[in-house]
Amino acid sequence: MNSQFFFRCIDPRCCRQFPITEKLYQCPACSDLLDIAYLFPELDVPGLRRVFRERRTSNRPLDISGVWRFRELLPFPSEDLHHVVTLGEGNNPVLDAPRSADYVGLKRLKVKHLGWNPTGSFKDYGMTVAVSQARRLGSQYVACASTGNTSASMAAYCARANLKAAVFIPEGQIAYGKLSQTLDYGALTVQIHGDFDVAMTLVRELSEETGLYLMNSINPFRLEGQKTVMLELFDQLDWKIPDRIVVPGGNLGNSSSYGKALMELKELGFIDKVPRITIIQASGADPLYRTLVTSSLDLVPVKKAWTLASAIKIGRPISWKKAMRALNFSDGWCDVVSEQEIADAKAVLGRDGIGCEPASATTVAGLKRLMSLGEGEKPEVTIDPDEDVVAILTGHQLKDPEYTVNYHLDNLYEHATYKNVLVEKSGKLKSTFANQPVQVAADKQAIIKLLGL
Ligand SMILES: *Cc1c(COP(=O)(O)O)cnc(C)c1O
Ligand SMILES: [Zn+2]
């Protein structure tokens, strides 16, 4: 296997190339985002599909990993694989969700649950590659800004790789499960007085002025790892490509990486058909939606993003141009859902036996909203009940148990850090599918009566 890899500026008027041995996040000439581009040799596609599948039965760490199993499509030649840091990430299941399908009005619905990763979110797919690149570059100290899951993942992989790690989180605005992970994995945890967007700006400037290596998804190596979500999914579906993939949108790294995966897989001949990418944002953190519907050439940012789905509470998503490219390439769409819709969709998924983070439930909420639109909408917007749809669930239910408990206690608005902002903007939330705990005396007869036995 002898591919060649380099950075390439995503601006079609620039397209300048740089070696991946440089520590770059943006084009030095025009400061646009960078892709990792490949000069692939002639690939034996059926042969590689077979190799990808066979590695599932191997016990080698690189084959067990749901990311490195697809290493022929990653920017690490075999002589560099000794740098790889893996925790056995990936291998996340595709599950049927019949109750959720019914709820949204689809004949069937599959979910791919990326919350089954070593640190409980999809971030591990990208982090294994970015931390491996940090090792290849010889970096000593890495950093990220995070709404919680990036920091949890980065801290774990850095602990594994023996790298110093600093995470910058918005004080009081990340879920406890995520904070606890970061502390346990030994990262220096810096609570910034400000929101994610403030923390992001700070850490970007720091990484330019100091030796810190930046691990946010502006780092193109993160997106390379996340590409393998599509490979893993298609392998699990025996390469029967779905009609649509629905994904939450925060900093937009995930949707961007799926778009890049689809472009490369099409070009290489792994797929003929391109599923539509549908990105769903929270209505209080909807910069991509605003940009799309106003056909703006520049990002329309949200000054103060708000949503209880803290993983997607982002007003200035770094990867918005790449996400727009993914929508253009796949004839996709971006839409928004309310706090109420997110909360109820999460409870419905729960009834399928599938727990997830609030941010992940935007997918089912978005499907319900799009399914309810009448005829006459554009084809990229409307969904046929007979479509094969895969919803990407991004994080584990236990990341944010406080949200779930408050929902079932019909107390969700109490959860809000910015309680007043939320009540003002979205009204008091109702818990349509609440499953309240019941109090009963420690008495057998009373319990028999309660259980209706
Ligand atoms: C990071 C994250 C998101 C947002 O993903 P982006 O790539 O930033 O759009 C959504 N859900 C969960 C659980 C996350 O951790
Ligand atoms: Zn450029």
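The following dialogue discusses how to read aromatic pairs, a helix crossing, unusual backbone angles and buried polar residues in a predicted model.

Biologist: Which conventions apply to this model?

Modeller: The model is predicted, so local features need pLDDT of at least 70 and side-chain atom pairs count only at pLDDT 80 or more, while totals for chains, interfaces and linings use all residues. Residues are numbered from 1 along each chain as its sequence is written, chains are lettered from A and ligands numbered from 1 in the order in which they are written, and side-chain values use heavy atoms, with hydrogens and water left out.

Biologist: How is a pair of aromatic rings described, and how many aromatic pairs does a search of the whole structure find?

Modeller: In general, a pair of aromatic rings is described by the distance of the centres and the angle of the planes. Here, rings of Phe, Tyr and Trp (its six-membered ring) pair if their centres lie within 6.5 Å; planes under 30 degrees apart count as stacked, over 60 as edge-to-face and the rest as tilted. The search of the whole structure yields 10 aromatic pairs. In one of them, Trp68 and Phe76, the ring centres are 5.3 Å apart and the planes stand at 90 degrees, and therefore the pair is edge-to-face. Another pair, Phe234 with Trp239, is tilted, with 6.0 Å centre to centre and 55 degrees between the planes.

Biologist: Are Trp68 and Phe76 buried or exposed?

Modeller: Trp68 and Phe76 are both buried, where buried means under 20% relative accessible area, exposed over 50%, and partly exposed in between (1.4 Å probe, protein chains only). Phe234 and Trp239 are likewise buried. Phe234 and Trp239 also belong to one aromatic cluster, together with Phe52, Phe70 and Phe270.

Biologist: Which residues lie over the face of Phe76 and of Tyr103?

Modeller: A charge sits over a ring if NZ of Lys or CZ of Arg is within 6 Å of the ring centre and within 35 degrees of the ring normal. Over the face of Phe76 lies Arg136, at 3.8 Å from the ring centre. For Tyr103 the residue is Lys368, at 4.4 Å from the ring centre.

Biologist: How are two packed helices described, and at what angle do the axes of H8 and H9 cross?

Modeller: Two packed helices are described by the angle between their axes and the distance between the axes. Helices (H or I, at least four residues) and strands (E, at least two) are DSSP runs, numbered from the N terminus. Axes are lines fitted to C-alpha atoms, for helices over the stretch in contact, and angles run from 0 to 180 degrees between N-to-C directions. The axes of helix H8 (residues 220–236) and helix H9 (residues 253–268) cross at roughly 65 degrees and come within 8 Å. The crossing of H8 and H9 is right-handed; a crossing is left-handed if the near helix is turned anticlockwise from the far one by less than a right angle, and right-handed if clockwise.

Biologist: Which residues of H8 and H9 meet?

Modeller: Contact means heavy atoms within 4.5 Å. From H8, the residues include Leu223, Val229, Met230, Leu231 and Phe234, and from H9 they include Tyr258, Ala261, Leu262 and Leu265. The residues of this contact comprise nine nonpolar, five polar and four charged, given that Ala, Val, Leu, Ile, Met, Phe, Trp, Tyr, Cys and Pro count as nonpolar, Asp, Glu, Lys and Arg as charged, and the others, Gly among them, as polar.

Biologist: What sign does phi have in most residues other than glycine, and what is the phi of Asn91?

Modeller: Most residues other than glycine have a negative phi. Asn91 has a positive phi of about 60 degrees, although it is not a glycine. Asn91 is located in the loop between H2 and S4 and is partly exposed, at 35% relative accessibility. Asn162 also has a positive phi of about 60 degrees without being a glycine. Asn162 lies in the loop between helix H5 (149–161) and strand S7 (164–170) and is exposed, with a relative accessible area of 73%.

Biologist: Where does Asn92 lie, and which residues does Asn92 touch?

Modeller: Asn92 lies in the loop between helix H2 (61–64) and strand S4 (94–96). Asn92 counts as buried because its relative accessibility is 0%. Residues up to four places away in sequence aside, Asn92 touches residues including Lys112, His113, Trp116, Tyr125, Glu232 and Gln236.

Biologist: Where is Arg222 placed, and is Arg222 buried or exposed?

Modeller: Arg222 is in helix H8 and counts as buried, at 2% relative accessibility. The C-alpha atoms of Arg222 and Val131 are separated by 8.8 Å, and the two residues are 91 residues apart along the chain.
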